[in-house]
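Trainee: I'm new to this one. Can we go through it together, step by step?

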Amino acid sequence: MDFLLYRSKALVPTPSEAVREIVSLSVIRNAATDLTGFLHAEDGMFIQYLEGPSLALWALYDHLHHDARHRNLTLRAEGTIKRRRFHDWRMGYSARSVMCFADFLNDIYGRSRPEDANGNEALIFLMAVCQRIDLGICDQP
């Protein structure tokens, strides 16, 4: 099983109904292709982690490059995993109201530029966000 994590510039307001539609459709499509993952939308930026069968994962990543709702996809991490990190999330979703990425980076790493975050930092952030929602500390937007 493979994973990837990318950052992109959102061309739709974040958060918005357009983002919620992305998530709703992703839940359906990801179930059909056995993908799971998590999307965070904040201040005109998407951070997305995806995991699953290699062929389906990389086909989706190729498709995302042609999606007019964002641009400048930057792959931050990729690799092989033994088990899913987001097994309960066909497509989880969070926004700044759940947790602010810039604040997280500043609190943990002493810097606050999300565009400079590496894949590990972004993954740790997404896992922390997921836990906040799973524990009921915050609701999914």
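Trainee: What pattern does the protein chain follow, read along the sequence?

Mentor: First, a heads-up: this is a predicted model, where local features need pLDDT of at least 70, side-chain atom pairs count only at pLDDT 80 or more, and totals for chains, interfaces and linings use all residues. Residues are numbered from 1 along each chain as its sequence is written, and side-chain values use heavy atoms, leaving out hydrogens and water. Helices (H or I, at least four residues) and strands (E, at least two) are DSSP runs numbered from the N terminus, and the chain has 4 helices and 5 strands. Read along the sequence, they give β-α-β-β-α-β-β-α-α.

Trainee: How compact is the protein chain, going by its radius of gyration?

Mentor: The radius is taken over C-alpha atoms, and the globule rule is 2.2 Å times the number of residues to the power 0.38. For 141 residues that rule gives 14 Å, and the chain's own value is close to it, so the chain is as compact as a globular protein of that length. The radius of gyration itself is 14 Å.

Trainee: Which helix gives the most to the largest nonpolar core?

Mentor: A nonpolar core is a set of buried Ala, Val, Leu, Ile, Met, Phe, Trp, Tyr and Cys residues joined through side-chain atoms within 4.5 Å. Buried means under 20% relative accessible area, exposed over 50%, and partly exposed in between (1.4 Å probe, protein chains only). This core has 24 residues, and Leu5, Phe38, Tyr49, Phe86, Phe101 and Leu126 touch the most other members. β1 (2–10), β3 (45–52), α3 (101–109) and α4 (119–134) each supply at least two residues, but the top giver, with 7 residues, is α4.

Trainee: How many residues are in the second, separate core?

Mentor: Look for Val12, Leu35, Leu50 and Leu73, which are among its members. This separate core has 20 residues.

Trainee: Which loop holds arginine 84, and why does its pairing with aspartate 34 tie parts together?

Mentor: The two form a salt bridge (a side-chain nitrogen of Lys or Arg within 4 Å of a carboxyl oxygen of Asp or Glu), with their closest N and O atoms 3.0 Å apart. Aspartate 34 lies in the loop between α1 (17–33) and β2, so the pair ties together parts that are 50 residues apart in sequence. Arginine 84 is buried at 15% relative accessible area, while aspartate 34 is partly exposed at 33%. The loop that holds arginine 84 is the one between β4 and β5 (92–95).

Trainee: Is glutamate 121 buried or exposed?

Mentor: Glutamate 121 forms a salt bridge with arginine 111, the closest N and O atoms being 2.3 Å apart. Its partner, arginine 111, is partly exposed at 32%. Glutamate 121 has a relative accessible area of 6%, so the verdict is buried.

Trainee: Where is aspartate 43, the one with a positive phi?

Mentor: Most residues other than glycine have a negative phi. Aspartate 43 is not a glycine, yet its phi is about 50°. Aspartate 43 counts as exposed, at 58% relative accessibility. Its place is in the loop between β2 (36–42) and β3.
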